[in-house]
Amino acid sequence: MAAQCQDDESRLPARSHRAGRRVWTLFIIRWEFVVVQHVLVAPDKFKGSLTAAEVCSRVSAGLGVPTVELPVADGGDGTVDAAVACGFERVTIDVTGPTGERVAASYAWQPAGTAVVELAEASGLRRLPGGREPLTATSYGTGELIADAVRRGAKRVVLGLGGSACTDGGAGMAQALGARLLDAEGRDLPRGGAALKELARIDMSGFIEVSGVEFVVASDVDNPLLGPHGAAAVYGPQKGATPDDVRTLEAALARLAAVATATHGLMGAVEHDDVVRAMGVAGAPGAGAAGGVGFAALAFLHAEIRPGIDYLLDLLGFGELVKGARLVITGEGSLDEQSLRGKAPVGVAQAAARAGVPVVAVCGRRTLADAELKAAGIEAAYALTDLEPDPARCMAEAGPLLERLAARIAADRRLGGDG
């Protein structure tokens with residue numbers, strides 16, 4: 001906001017003497033306040049080139065007008081970075097990576113008692129030191145992050161699911177929190193999804209105390225744990241699973257759900273005549289997220305699953321920051337069909353529409369037609385490939401190109417004038 005002062009006749013009251021009498025003359029000062037509307041810059045990361053915070057910085061630099069920056073994420077990669085950019089503290093600890101190696105992983109912490117844990121930080125594909133390990137990769141490190149946050153005094157843990165390297169039904173996470181997964185001889189199972197086929201009993205006597213802690217899973221995945229739309233069938237191949245591996249993992253996850261039902265009274269999956277029927281927790285939308293970590297969060301942490309981008313926008317304060325904005329600029333690396341399925345740009349556009357603020361997007365590339373963008377609430381999209389058709393150069397020079405795109409937006413929307 002800028003304030004301009006205009007004098008009617010003088011800066012200060014004046015006094016005069018007339019016919020021996022003192023007369024006070026008051027000159028009125030009129031203040032005119034001119035409201036300078038800001039542009040809210042709220043993008044996700046450009047994967048492989050720029051973090052969400054870096055996208056914000058480059059767009060703001062190119063616009064050359066007052067901006068408010070809000071890096072966002074939808075619960076996947078970059079969720080912790082977005083929270084830290086918005087004022088959370090970064091807590092880094094050593095945890096177990098998906099194949100058993102020790103890795104440094106972070107979660108975001110707010111002293112009031114909210115922790116934002118990103119599965120990909122500890123158990124993501126980017127944590128694989130070599131090739132993918134679909135049968136043995138574990139979510140154990142994610143459980144270690146949660147345990148650290150709970151011991152720190154978390155009252156609420158937000159778990160972002162995305163980019164998972166494992167299909168273990170969240171068994172590793174549960175083990176890190178104190179659960180024992182035992183075979184028929186009472187021996188602890190090794191980590192990884194395939195080992196669950198030998199599961200006979202779950203011992204929760206050593207489980208960490210989580211009463212009084214609210215758990216929220218921020219995810220837009222609505223897959224159940226089992227079946228043709230489940231964790232193994234849909235996401236296993238993305239993690240390197242062969243058709244035989246998928247069958248092995250499906251049977252193992254079914255065993256996990258069945259034992260959880262039998263030993264803990266959960267509404268899970270029921271084994272009957274060698275047929276597994278998804279019910280209750282195992283059949284709940286989102287139970288199949290992150291290789292079944294959604295199931296473990298529901299079953300053992302009594303978590304609530306919330307739409308990822310919507311929940312995180314609320315957590316990061318989008319509703320307050322969008323007030324008074326003249327424009328919202330969102331975006332991500334690729335605006336494509338996946339963007340329409342609960343990704344950050346569409347979530348931002350929907351939230352901005354509720355506030356009556358128009359939205360444009362920036363991206364590395366786009367495959368969506370103008371009509372698809374408008375139907376999603378995005379008036380226009382500006383892609384780096386509009387300026388540089390070579391994808392390799394777009395990745396290498398994403399920052400400077402993005403500033404040029406932002407300058408084009410400023411010109412098209414007349415942001416520098418009275419508009």
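Axes, in what follows, are lines fitted to C-alpha atoms, for helices over the stretch in contact, and angles run from 0 to 180 degrees between N-to-C directions. The structure shown above is a predicted model, and two pairs of its helices are taken up here in turn. Two packed helices are described by the angle between their axes and the distance between the axes.

The first pair to look at joins helix α1, which covers residues 52-63, with helix α15, which covers residues 398-412, and the axes of these helices come within 7 Å and cross at roughly 45°. Helices α1 and α15 are therefore oblique to each other, and the crossing in which α1 passes α15 is right-handed. On the side of α1, the contact is made by V55, R58, V59, A61, G62 and L63, while α15 contributes G399, P400, L402, E403, A406, A407, I409 and A410. Sorted by class, the residues in this contact of α1 with α15 are 10 nonpolar, two polar and two charged.

The other pair consists of helix α10, residues 308-316, and helix α12, residues 344-354, whose axes come within 9 Å and cross at roughly 60°. That angle makes α10 oblique to α12, and the crossing of α10 and α12 is right-handed. Here I309, D310 and L313 in α10 meet A344, G347, V348 and A351 in α12, and by class the contact of α10 with α12 holds five nonpolar residues, one polar residue and one charged residue.

How values were computed:
Residues numbered from 1 in each chain as written. Predicted model: local features only at pLDDT ≥ 70, side-chain atom pairs only at ≥ 80, totals over all residues. Heavy atoms only, no water. Helix = DSSP H or I, 4+ residues; strand = E, 2+ residues; numbered from the N terminus. Parallel < 35°, antiparallel > 145°, perpendicular 65-115°, else oblique. Left-handed = near helix turned anticlockwise from the far one by under 90°. Contact = heavy atoms within 4.5 Å. Nonpolar A, V, L, I, M, F, W, Y, C, P; charged D, E, K, R; others polar.
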